[in-house]
Amino acid sequence: MASIFGMSHNWTLLVWTLVAIAFLIVFIAKFKWNPFVTLLLSALLLGFLTGMKPLDIVDAVTKGLGGTLGTIAIVIALGTMLGKMMAESGGAEQIATTLVNRFGEKRVHWAMMIVGFIVGIPVFFEVGVILLIPIVFTVARKTKMSLLQIGIPILAGLSTVHGLVPPHPAPMIAIDAYKADLGKTILYSLIVGLPSAIVAGPLFGKWIGKRIQVEPPAELAEQFSSKETRKLPGFGITLFTILLPVILMLIGSVAKISDPGGVRGITVFCEFIGHEVIALLISVVFSFFSLGFARGFKKEQISKFTSECLAPTATIILIIGGGGAFKQVLINSGVGDAIAQIATSANINIILFAWFVAALIRVATGSATVAMTTAAGIVAPVLALNPGANVELVVLATGAGSIVLSHVNDAGFWMVKEFFNMSVPQTLKSWTVMETLLSVVGLVIILALSLFV
């Protein structure tokens with residue numbers, strides 16, 4: 001009898017969660033409310049519906065917000081500064097030019113995917129698009145290739161890194177929530193991400209480029225083509241600066257695996273420099289010299305760059321915090337456990353479950369970040385009841401789900417539409433299909449990997 005009551009109580013909690021998520025979706029999508037405000041309201045609503053005490057709800061909201069932003073806020077701020085240094089110094093341009101020259105015009109779309117992948121490591125998707133759009137226009141003009149054949153691979157590279165590869169906030173949120181290993185996640189994310197980006201980028205880009213012909217918006221193309229020619233930083237030093245955080249994190253993980261107890265002093269040191277906050281801090285300070293002073297920038301200019309690039313990140317940081325608040329209410333109200341018990345008794349594959357939950361929220365709210373933070377809160381308790389699961393692959397499955405089917409409720413959709421001068425149907429046929437391919441191919445590779453690791 002108790003177990004029946006337990007299950008029916010679980011289902012009641014699940015219904016209240018769906019009500020809160022529906023509230024979240026309707027207010028963001030239909031009424032265009034600010035996602036941060038809406039996430040906080042949804043968290044309060046869920047708390048009241050599930051019978052929590054009012055002050056306990058407030059406590060869960062503040063703890064959840066603070067706990068989630070602990071590391072993530074620093075990661076976002078430092079990553080943005082690194083991206084800004086790369087943009088101002090001409091580093092992004094240098095990487096693109098060098099790869100295009102190496103690969104040759106025939107295979108230039110492959111080079112473009114690699115550019116998106118590398119440049120996307122320290123920067124947000126939106127920032128990456130703004131950084132690389134001039135390069136897309138220039139290369140398309142030089143090679144007389146279709147704009148989408150050049151553009152789609154870059155977007156695929158950026159999007160893959162955004163959804164799957166740490167130190168990006170989306171995978172970092174899940175790594176934190178699921179207690180996954182950072183180094184293993186980076187390794188698996190490359191195994192999953194590169195083939196997914198190849199299918200959705202150069203292969204799909206070549207196919208769709210022949211079917212949708214678009215010209216860049218005239219005023220934008222004009223603005224980018226009349227850039228003053230400046231001396232660019234060297235390819236090697238630029239690449240090293242961008243990849244430095246990833247290299248340091250991998251060193252930390254290797255040290256942890258080779259000396260699990262941290263007995264040797266060198267292990268402690270490697271783990272310290274391999275922590276995502278320290279790795280990014282070292283890289284940003286290094287970039288001040290390699291892409292700043294070495295390029296002839298004055299200290300005032302570098303200070304100005306690093307201050308002005310932080311303003312746009314405020315919204316993203318707050319949305320992630322709001323997601324963390326919602327997640328904490330899910331856990332404190334017992335909803336997390338209820339979902340975990342229902343999912344476990346239904347015997348759902350945890351990787352599919354993580355992908356599906358993230359995909360559902362992504363399609364509904366249009367935000368990969370909201371999808372990732374909310375899904376992490378729902379999936380974490382289920383994961384705790386699945387001791388045999390590969391946690392790192394569940395992180396990637398959540399990430400893959402969070403980039404599926406970008407459509408009219410996603411800011412990225414409109415950004416791509418405007419920059420590539422497309423109509424809504426053309427954007428759906430190119431950009432939306434590309435995002436979905438990335439997500440589904442990623443999921444298939446993750447499921448295949450789970451048979452071996």
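**Figure 1. The largest nonpolar core of the predicted model holds 138 residues.** Four residues touch the most other members of this core: Tyr178, Phe353, Phe420 and Met434. A second core stands separate. Seven residues make up this second core, among them Val75, Leu82, Leu280 and Cys309.

**Figure 2. Close-up of the surroundings of Phe353.** Neighbours within four places in sequence are left aside here. Phe353 then contacts three isoleucines, namely Ile339, Ile348 and Ile378. Ala343, Val379 and Val382 are also in contact with Phe353. In the largest core, Phe353 is one of the residues that touch the most other members.

**Figure 3. The fold of the protein chain contains 21 helices.** Strands number zero. The C-alpha trace spans about 75 × 60 × 45 Å along its principal axes. The radius of gyration is 22 Å, which agrees with the value near 22 Å for a compact globule because the chain has 453 residues. Among contacts with a separation of 6 or more, 81% join residues 24 or more positions apart.

**Figure 4. Burial and exposed surface of the protein chain.** Of the 453 residues, 57% count as buried. The exposed area is about 18900 Å². Carbon and sulfur atoms supply 69% of that area.

**Figure 5. Charged side chains of the protein chain.** Positive side chains number 29. Negative side chains number 22. The centres of the two sets lie 7 Å apart.

Definitions and conventions:
Residues numbered from 1 in each chain as written. Predicted model: local features only at pLDDT ≥ 70, side-chain atom pairs only at ≥ 80, totals over all residues. Heavy atoms only, no water. Helix = DSSP H or I, 4+ residues; strand = E, 2+ residues; numbered from the N terminus. Rg over C-alpha atoms; globule rule 2.2 N^0.38 Å. Buried < 20%, exposed > 50% of the residue type's maximum accessible area, 1.4 Å probe, protein only. Contact = heavy atoms within 4.5 Å. Areas by Shrake-Rupley, 256 points an atom, 1.4 Å probe, with all protein chains shown as cover. Lys, Arg positive; Asp, Glu negative; His and termini not counted. Charge placed at Lys NZ, Arg CZ, Asp CG, Glu CD. Core = buried A, V, L, I, M, F, W, Y, C linked by side-chain atoms within 4.5 Å.
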